[in-house]
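Trainee: I keep meeting labels in these models and want to know what earns them. Can we go through a few?

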Amino acid sequence: MARIKKLLRMILHYPARLFNGISPRATVIDSKVDKKAVIEHHANVRYSSVGRYTYVSARSSVIFAEVGSFCSIAAGVGIGGGAHDLTAVSTSPVFNKGRNIFGKNLGNIEFSPYKTIKIGNDVWIGNRALILQGITIGDGAVVGAGSVVTKDVEPYTIVAGNPARVIRRRFDDETIERLLKLEWWNMPDEELKKCGNLFGDPQKLTEYFEEKDK
């Protein structure tokens with residue numbers, strides 16, 4: 001029955017996929033995906049939102065997450081998923097209240113297995129990284145390949161390892177502050193095209209907009 005429901009859901013949403021970047025072989029359930037985003041084959045996006053010009057690569061999973069714009073999510077990344085109650089006698093969901101994978105309940109214990117993950121804009125997450133539930137990753141941050149992120153990541157900070165640790169910040173404090181204030185990821189495409197060649201140099205980009213605002 002579950003497979004039939006999944007197939008029907010894919011058939012109903014297939015026409016919309018023809019006009020955006022969602023692969024017919026991706027699973028997207030109860031999620032809001034911007035028309036300019038790309039969801040590659042065998043990616044799994046559930047109960048989440050994905051911003052414009054963000055891509056989710058093949059075999060990555062995004063569950064209960066708010067993902068900003070211009071993010072690069074590499075292959076095999078795991079973002080979110082259910083937790084288990086470590087304080088109870090059993091970690092099996094069959095003893096908890098509500099629906100579970102077994103379709104039955106042996107108990108009625110109150111436990112919420114999901115906490116929303118918040119990923120900012122222009123975040124790069126490397127291959128096979130794992131982002132645990134409830135984590136916030138700031139704008140412009142980078143998560144190294146194979147990392148396990150167990151704590152929040154500050155904007156424009158590079159983290160790597162298991163558990164992930166701070167490697168360095170991408171820019172100096174003044175530049176980071178200027179970029180965060182700029183919020184270029186909220187600008188329309190037409191505006192970004194005018195200054196697209198300046199994105200190779202954060203100094204020139206911020207100066208461009210500061211001069212423009214005078």
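Trainee: Why is K36 called partly exposed?
Mentor: Its relative accessible area is 42%. Buried means under 20% relative accessible area, exposed means over 50%, and partly exposed is in between (1.4 Å probe, protein chains only), so K36 gets the middle label. Keep in mind that this is a predicted model, where local features need pLDDT of at least 70, side-chain atom pairs count only at pLDDT 80 or more, and totals for chains, interfaces and linings use all residues. Residues are numbered from 1 along each chain as its sequence is written, and side-chain values use heavy atoms, leaving out hydrogens and water.

Trainee: And what makes D189 buried?
Mentor: D189 has 14% relative accessibility, and the cut-off is under 20%, so it counts as buried.

Trainee: How do you know that D189 and K36 form a salt bridge?
Mentor: The rule wants a side-chain nitrogen of Lys or Arg within 4 Å of a carboxyl oxygen of Asp or Glu. Here the N to O distance is 2.8 Å, so the pair passes. D189 sits in helix 3, K36 in the loop between strand 3 and strand 4, 153 residues apart. Helices (H or I, at least four residues) and strands (E, at least two) are DSSP runs, numbered from the N terminus. K36, R52 and D189 are linked in a network of salt bridges.

Trainee: What makes D173 exposed?
Mentor: D173 has a relative accessible area of 52%, and exposed means over 50%, so the label fits. D173 also forms a salt bridge with R169, their closest N and O atoms being 2.5 Å apart.
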